[in-house]
There are 2 protein chains.
Amino acid sequence: MRPTTKDLAKAAGVSLATIDRVLNGRSGVRQKTIDAVNEAIARIGFERNQVAATLARQKGYRFGFVVPRSGDEFLDVILKHISEFDQASRAEMIQTKIVRIDEHDPHRAAKTLSRLSADDYDGIAIMAPETPQIRDALHRMRERGIETVAIISNQQEEDSQSFVGIDNVAAGATAGRLMARFLGNVSGSILVLAETMQARDSLERRLGFDRVLTPNYPHLHALPTLETHGYQERTGVVLKNAFAAHDDIVGLYIMGSEARVAIDFAQQLRGGSKLITIAHERTPSTEQALRDNRLDALINQDPGHIVRSAVRTLRAKCENRETLASQERIRVEILLAENL
Amino acid sequence: MRPTTKDLAKAAGVSLATIDRVLNGRSGVRQKTIDAVNEAIARIGFERNQVAATLARQKGYRFGFVVPRSGDEFLDVILKHISEFDQASRAEMIQTKIVRIDEHDPHRAAKTLSRLSADDYDGIAIMAPETPQIRDALHRMRERGIETVAIISNQQEEDSQSFVGIDNVAAGATAGRLMARFLGNVSGSILVLAETMQARDSLERRLGFDRVLTPNYPHLHALPTLETHGYQERTGVVLKNAFAAHDDIVGLYIMGSEARVAIDFAQQLRGGSKLITIAHERTPSTEQALRDNRLDALINQDPGHIVRSAVRTLRAKCENRETLASQERIRVEILLAENL
DNA sequence: AAGTTTTTGAGGTACGCACCTCAAAATGAG
DNA sequence: CTCATTTTGAGGTGCGTACCTCAAAAACTT
């Protein structure tokens with residue numbers, strides 16, 4: 001039989017009230033007593049029954065997903081998974097809300113974050129580029145007693161328990177390897193496209209990409225990253241210029257998540273010759289492009305997994321538990337038309 | 001506020017005892033009353049609080065993983081994940097045991113299965129090739145009130161709620177596409193290796209492989225499947241003969257999960273020329289081969305995911321729930337050295 | 001030593017449901 | 001109609017924990 005709090009109280013030689021104080025980190029317990037309880041926990045192998053705990057706590061968990069106000073297709077996919085998860089986890093007393101922030105105005109974004117109260121949220125998963133304002137806001141949030149994790153794009157701290165998303169260096173390296181292998185002995189230049197190189201994600205992907213390409217495939221030359229800044233027209237112009245300036249373009253690596261426009265433009269511009277194209281994130285349009293052979297491979301991070309993992313991580317933090325690392329690791333997925 | 005059984009009783013105009021009888025499928029309730037309760041459930045949107053239910057039931061879940069007695073490296077990986085999961089889910093009142101069966105003796109295997117009682121197990125996840133004996137044993141097991149799912153290799157029924165594992169046709173197709181793309185414009189023959197073509201998995205993988213290769217890449221010729229029957233010596237002999245008979249071998253597709261021996265042999269036999277090698281299942285040795293460039297790609301199904309998914313599926317069946325399909329789908333993963 | 005503050009204990013209620021008993025009511029059979 | 005049978009209701013207990021109150025005990029302070 002699993003030991004209960006009652007058994008623990010007996011084993012530690014204290015009352016249930018004290019056990020409660022220690023387990024839930026309430027104040028008014030001498031360190032000596034805390035140690036005694038912890039010793040007893042270890043000795044009898046006590047493990048809190050989470051099922052009973054959540055029932056008694058009677059308040060489930062309320063988590064918020066902070067996402068940019070304006071977004072691309074990938075964001076839509078994420079949002080879809082959040083609400084799907086919300087539906088499915090109601091029976092387990094977990095509520096999930098979406099909070100929008102203005103990504104282009106860090107000041108306003110920080111203000112929105114500062115308004116999130118511990119009365120309304122037990123934890124926050126945030127998807128936003130790192131800025132000093134956001135970082136501070138998150139810091140204050142934790143001081144207010146709200147747990148936080150960053151999703152998709154990391155917020156500085158390399159703590160694995162605080163970030164849910166892929167290793168972007170590895171993702172870039174994977175793209176690089178695939179690009180080179182798909183090209184075989186074809187030589188030429190490779191276009192690299194990003195929304196902005198301000199974002200850590202793109203920097204890391206580029207780093208990984210070059211790290212594979214430069215030393216191993218001297219016959220391939222990756223051109224400096226072109227930035228679209230999220231404007232569709234600009235994407236067209238930038239691509240057109242690049243194709244005009246280089247007549248040996250054999251590959252296109254789209255690092256940002258808004259790949260649709262770039263794929264279409266490249267399709268038109270490349271003429272008759274083959275162009276290996278690799279993009280990130282599975283969305284309706286990239287998926288379609290993959291099926292149509294307009295895209296050769298897709299590097300993906302499972303958005304459903306990210307949402308679930310973020311919630312599990314937040315919950316574990318609330319309950320002062322560790323997560324099962326192998327379950328929370330987000331894989332760098334390679335998608336072809338065959339394994340969609 | 002979520003409606004409780006009390007609210008439901010009021011809404012249905014019956015007592016709590018009757019609600020209990022209906023919800024838990026006890027006898028002694030007129031159909032008319034059952035209908036009335038179900039109507040009320042739909043009307044007020046009642047959803048049983050699983051947290052409270054498991055607490056009250058006070059018996060968690062006991063699941064069994066039925067696996068072959070003798071196995072390869074992949075089985076070891078699976079077992080590792082089962083015990084890891086068992087550790088992690090104790091706090092949620094889920095117990096996981098491992099049951100070994102003699103895969104080569106279907107009769108004995110079926111006998112072992114028939115001894116599993118509903119008193120000891122709420123559900124069974126089975127990993128075994130399909131045979132008539134096993135199929136019958138599973139059928140009787142369900143009649144005894146034990147829920148079942150097949151993992152890794154399917155047991156006939158194409159019911160998605162009864163199988164946890166990859167789509168092997170898609171896996172084979174993915175391997176085929178990668179093989180062809182990595183080979184580029186190189187032409188020649190491709191060796192295909194399996195433990196046995198009796199198993200459904202291998203058949204399906206081969207089917208998918210050919211389905212991509214034959215119509216799209218006429219310069220590549222996939223040879224008839226070679227069978228090793230699990231014997232290491234035989235693997236060597238078979239490969240040697242194949243290399244002797246064909247001097248244009250450019251690719252090797254290892255469909256079985258015991259890839260280690262085949263990779264090593266092929267390495268020695270191929271001489272100086274390049275040989276694209278693709279295998280299945282991530283294990284310590286295939287992983288090492290990938291890092292060493294002795295393997296070009298690995299097709300994988302996440303064993304941790306399979307274990308967790310099997311348990312979630314069994315639990316959902318016990319509670320008469322549906323699972324979240326997107327979460328339970330096992331992906332055909334492509335692994336390169338970069339995204340391990 | 002007396003007073004003040006901190007720490008601890010005893011006891012209770014609640015969460016939502018499972019599972020039990022026994023009597024009362026409704027239904028069906030003859 | 002009566003009697004047997006089936007169906008339903010009322011009520012209770014317990015699961016393991018959270019959270020609350022109030023008094024008692026222990027530890028410090030001066």
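This text goes through a predicted model of two protein chains and two DNA strands, from the fold of one chain to single residues.

Chain A is a good place to begin. It contains 14 helices and twelve strands. Along its principal axes, the C-alpha trace of chain A spans about 80 × 40 × 35 Å. Of the 340 residues in chain A, 54% are buried. Contacts in chain A can also be sorted by how far apart the partners stand in the sequence. Among those with a separation of 6 or more, 71% join residues 24 or more positions apart.

One helix of chain A can be followed in detail. Helix H9 covers residues 200-216, which makes 17 residues. From its first C-alpha to its last, helix H9 of chain A reaches 25 Å, close to the 24 Å expected at 1.5 Å a residue. Several of its residues are buried, among them A:Arg205, A:Phe209, A:Val212 and A:Leu213. Charged side chains are found in this buried set too, including A:Arg200 and A:Asp201. In an α-helix there are 3.6 residues a turn, so residues three or four places apart point the same way. The buried residues of H9(A) pack against helix H8 (168-183) and against strands S6 (188-194), S7 (220-222), S9 (249-254) and S10 (276-280) of chain A.

The next step is to set chain A beside chain B. A rotation of 180°, with 0.1 Å of shift along its axis, superposes chain A on chain B with an RMSD of 0.2 Å. The two copies are therefore related as by a two-fold rotation axis. Their interface can be compared in a similar way. Of the interface residues of chain A, 98% are also interface residues in chain B, so the copies meet through the same surface.

Both chains also lie against DNA. Around DNA strand C there are 27 residues, of which A:Thr18, A:Thr33, A:Gln58, B:Thr5 and B:Arg48 come nearest. By class, this surface has ten nonpolar, ten polar and seven charged residues. Helix H2 (16-23) and H4 of chain A, together with H4 of chain B, each supply at least two residues of the surface near DNA strand C. The largest share, four residues, comes from H4(B).

Which parts of DNA strand C do the atoms within 4 Å of the protein belong to? Sugar or phosphate accounts for 75% of them, and bases for the rest. Single contacts show both kinds. An N or O atom in the side chain of B:Arg48 is 2.3 Å from a phosphate oxygen of DNA strand C. A polar backbone atom of A:Arg30 is 3.0 Å from a phosphate oxygen of this strand. At A:Ala56, a polar backbone atom is 3.4 Å from a base oxygen.

DNA strand D has 28 residues around it, and those that come nearest are A:Thr5, A:Arg48, A:Ala56, B:Thr18 and B:Thr33. Ten of the residues in this surface are nonpolar, ten are polar and eight are charged. Helix H4 (50-57) of chain A gives the most, with four residues. Helices H2 (16-23) and H4 (50-57) of chain B each supply at least two. For the atoms of DNA strand D within 4 Å of the protein, the part in sugar or phosphate is 72%. Phosphate oxygens of DNA strand D lie 2.6 Å from an N or O atom in the side chain of B:Thr18, 2.9 Å from a polar backbone atom of B:Arg30, and 3.1 Å from a polar side-chain atom of B:Gln58.

Two residues of chain B end the tour. B:Leu275 sits in the loop between helix H11 (260-269) and strand S10 (276-280). Is B:Leu275 buried or exposed? Its relative accessible area is 2%, under the 20% limit, so B:Leu275 is buried. Outside its neighbours within four places in sequence, B:Leu275 is in contact with residues including B:Phe243, B:Ile249, B:Leu252 and B:Asp296. B:Leu275 and B:Asp296 are 21 residues apart in sequence, and their C-alpha atoms are 9.0 Å apart in space.

B:Thr286 belongs to helix H12 (residues 284-291) of chain B. With 1% relative accessibility, B:Thr286 also counts as buried. Its side chain reaches the backbone nitrogen of B:Thr283 at 2.7 Å. Not counting residues up to four places away in sequence, B:Thr286 touches B:Ala259, B:His280, B:Glu281, B:Leu295 and B:Leu298.

Terms used. Residues are numbered from 1 along each chain as its sequence is written. Chains are lettered from A and ligands numbered from 1 in the order in which they are written. This is a predicted model: local features need pLDDT of at least 70, side-chain atom pairs count only at pLDDT 80 or more; totals for chains, interfaces and linings use all residues. Side-chain values use heavy atoms; hydrogens and water are left out. A residue is near a molecule or strand if one of its heavy atoms lies within 4 Å of it. A polar contact is a pair of N or O atoms within 3.5 Å; within protein, one must be able to donate a hydrogen and the other to accept it, and residues adjacent in sequence count only if both atoms are side-chain atoms. Copies are superposed by least squares on the C-alpha atoms of residues with pLDDT of at least 70 in both. Contact means heavy atoms within 4.5 Å. The expected span of a helix is 1.5 Å times one less than its number of residues. Buried means under 20% relative accessible area, exposed over 50%, partly exposed in between (1.4 Å probe, protein chains only).
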